[in-house]
Amino acid sequence: MPYSYAAPLREMRFVIERVLQAPALWSQCQAWADLDMDTAGAVLEEAARFASEVLQPINAAGDAQGCRLQDGGVRTPDAFPAAYQAFVQGGWPALPCSPDWGGQGLPLLLDAALREMLSACNHGWNMYPDLLHGAYETLKAHASDELKSRYLE
């Protein structure tokens with residue numbers, strides 16, 4: 001029986017709204033004062049769609065194919081580059097990033113929910129954007145202004 005993924009959106013919303021009471025806290029923060037649960041819920045729903053429709057279908061093939069050395073370079077599984085382009089075009093790498101650098105500036109809590117979905121659907125693929133996010137945070141914290149302006153956007 002093939003694996004299929006349905007993000008636990010109801011449970012995620014429960015934790016965000018009722019347990020963490022995040023929308024009330026967001027309203028007290030200038031950067032997120034206009035963020036409500038309807039908007040956050042729409043972000044989560046679209047993240048769930050991306051994970052289940054784009055990443056989950058390429059998971060098994062990606063595991064079976066794996067990375068390979070080809071023509072002096074490392075090649076990812078065949079379907080990974082198109083999935084990554086869809087990820088970038090959807091604005092997902094910029095979800096929690098600063099608007100000063102072209103990011104959406106949304107709370108890390110929403111990014112954590114996104115990453116849980118991505119890992120649940122295709123952990124191997126998700127390691128690539130996780131590395132990107134680590135590089136972003138490192139540059140943001142430690143790079144010169146010249147390097148920040150060159151790479152963060």
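Visitor: Which residues of helix 5 meet helix 6?
Guide: In this predicted model, contact means heavy atoms within 4.5 Å, and helices are DSSP runs (H or I, at least four residues) numbered from the N terminus. On the helix 6 side, the partners are L118, N122, G124, W125, Y128, P129 and L132. They are met from helix 5 by F80, A83, Y84 and F87.

Visitor: How many residues of that contact are nonpolar, how many polar and how many charged?
Guide: Ala, Val, Leu, Ile, Met, Phe, Trp, Tyr, Cys and Pro count as nonpolar, Asp, Glu, Lys and Arg as charged, and the others, Gly among them, as polar. Sorted that way, the contact of helix 5 with helix 6 has nine nonpolar, two polar and no charged.

Visitor: Are the two helices roughly parallel or roughly perpendicular?
Guide: Axes are lines fitted to C-alpha atoms, for helices over the stretch in contact, with angles from 0 to 180 degrees between N-to-C directions. The axes of helix 5 (residues 80-89) and helix 6 come within 11 Å and cross at roughly 75 degrees. Angles under 35 degrees count as roughly parallel, over 145 as roughly antiparallel, 65 to 115 as roughly perpendicular and the rest as oblique. Therefore helix 5 is, relative to helix 6, roughly perpendicular.

Visitor: Where does helix 6 bend?
Guide: Helix 6 (residues 108-142) has 35 residues, yet its end C-alpha atoms are only 20 Å apart, where a straight helix would reach 51 Å at 1.5 Å a residue. That expected span is 1.5 Å times one less than the number of residues. A bend is the angle between axes fitted to the seven residues ending at a residue and the seven starting there. For helix 6 this angle is about 130 degrees, and the place is N122.

Visitor: Is L114 buried or exposed?
Guide: L114 sits in helix 6 and, leaving aside neighbours within four places in sequence, is in contact with A47, W92 and L95. Buried means under 20% relative accessible area, exposed over 50%, partly exposed in between (1.4 Å probe, protein chains only). L114 has 1% relative accessibility, so it counts as buried.

Visitor: And D71, buried or exposed?
Guide: D71 lies in the loop between strand 1 (68-70) and strand 2 (73-75), strands being DSSP runs (E, at least two). Its phi is near 50 degrees, a positive value in a residue other than glycine. Because its relative accessibility is 74%, D71 counts as exposed.

Visitor: How are residues numbered, and what pLDDT do local features need?
Guide: Numbering runs from 1 along each chain as its sequence is written, and side-chain values use heavy atoms, with hydrogens and water left out. Totals for chains, interfaces and linings use all residues, side-chain atom pairs count only at pLDDT 80 or more, and local features need pLDDT of at least 70.
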